[in-house]
Amino acid sequence: MQITLLQLEEKHAWNARRRELLKKLKEELDQFARCSTGYRAVVYGSYLTEKPEPGDMDLIIAYDRRMGAKNCRSGFGFPFLHKGDIQIKTEERMGCTTPLPSAADLVKGFNDFPTNAAKGIRIEPGTWTELVA
C-alpha cells in the first residue's frame, strides 16, 4: 500500500498527539530530502492503527546520502531531530547507482535483521505503508 503525506494526515492525524507526530515526521523527511539524493520511506506500527495516543511513529527509510551536504551528519549517524517520537531505522547508501530497495524489501530486511528475528519482532503484512510524494 502507498500513501502520501496529505493522505496520512487526512486519515491518521485526528487528534493533537497524532498531529504532533505527523509534524515531526515531516521535519525528519525534510532533513532526509536536504541531505540525500533520494529516499524511500515506510511507516508502520501503532500510528497506522486506531490507537488514540501512539507513543511514537515508526519509520524505515533507505536513502542515498548526498556527497558534501553540510549539516547533514553528526558523528557516525544521521542527526535525527525527534528520536523519542519518530523511531527511525535507516539503510544508508552513498554514491550508489542501483535503485533504492522497494518498500517490501525494506520490510523484509527489517524482519530478517538478526536481532529482530531473534526477538520475534516483525512487521506483519498489512501493517505498513510506503510514503510517496
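This briefing describes the fold, the helices and the nonpolar cores of one protein chain. The model is predicted, so local features need pLDDT of at least 70 and side-chain atom pairs count only at pLDDT 80 or more, while totals for chains, interfaces and linings use all residues. Residues are numbered from 1 along each chain as its sequence is written, and side-chain values use heavy atoms, with hydrogens and water left out.

**Overall fold**

- The protein chain has four helices and five strands, where helices (H or I, at least four residues) and strands (E, at least two) are DSSP runs numbered from the N terminus.
- Read from the N terminus on, the elements follow the order β-α-α-β-β-β-α-α-β.
- Of the 133 residues in the protein chain, 41% are buried, a term that means under 20% relative accessible area, with exposed meaning over 50% and partly exposed lying in between (1.4 Å probe, protein chains only).
- Among contacts (heavy atoms within 4.5 Å) between residues at least 6 apart in sequence, 72% join residues at least 24 apart.
- The chain exposes about 7500 Å², of which carbon and sulfur atoms supply 54%, the accessible areas coming from the Shrake-Rupley method with a 1.4 Å probe.

**Helices α2 and α3**

- Helix α2 (residues 16-35) has 20 residues and should span 28 Å at 1.5 Å a residue, which agrees with the 29 Å between its end C-alpha atoms; the expected span is 1.5 Å times one less than the number of residues.
- Asparagine 15 caps the N-terminal end of α2, with a side-chain oxygen 3.2 Å from the backbone nitrogen of arginine 17.
- The buried residues of α2 include charged ones, among them Arg17, Arg18, Lys24 and Glu28, as well as Leu21, Leu25, Leu29 and Phe32.
- In helix α3 (residues 103-112), the buried residues are Ala103, Leu106, Val107, Phe110 and Asn111.
- These buried residues cover an arc of only 135° around the axis, which puts them on the same side of α3; the arc is that of the directions from the helix axis to the C-beta atoms.

**The nonpolar cores**

- The largest nonpolar core has 19 residues, and those with the most contacts inside it are Leu8, Leu25, Leu59 and Leu131; such a core is a set of buried Ala, Val, Leu, Ile, Met, Phe, Trp, Tyr and Cys residues joined through side-chain atoms within 4.5 Å.
- Two or more residues of this core come from each of α2, β2 (36-44), β3 (57-65) and β4 (86-94), and α2 gives the most, with five residues.
- Apart from this core lies another, of 11 residues, among them Tyr44, Ala62, Ala103 and Leu106.

**Individual buried residues**

- Leucine 131 is found in strand β5 (residues 128-132) and is buried, with a relative accessible area of 10%.
- Although leucine 131 and isoleucine 3 are 128 residues apart in sequence, their C-alpha atoms are 5.1 Å apart in space.
- Leaving aside neighbours within four places in sequence, leucine 131 is in contact with residues including Ile3, Leu8, Leu25, Leu29 and Leu59.
- Leucine 29, in helix α2, is buried with a relative accessible area of 4%, and outside its neighbours within four places in sequence its contacts include Leu5, Tyr39, Ile61 and Leu131.
- Isoleucine 60 lies in strand β3 and is buried, with a relative accessible area of 5%.
- Beyond four places in sequence, the contacts of isoleucine 60 include Leu106, Val107 and Phe110, and its C-alpha atom is 8.8 Å from that of alanine 103, 43 residues away in sequence.

How values were computed. A polar contact is a pair of N or O atoms within 3.5 Å; within protein, one must be able to donate a hydrogen and the other to accept it, and residues adjacent in sequence count only if both atoms are side-chain atoms.
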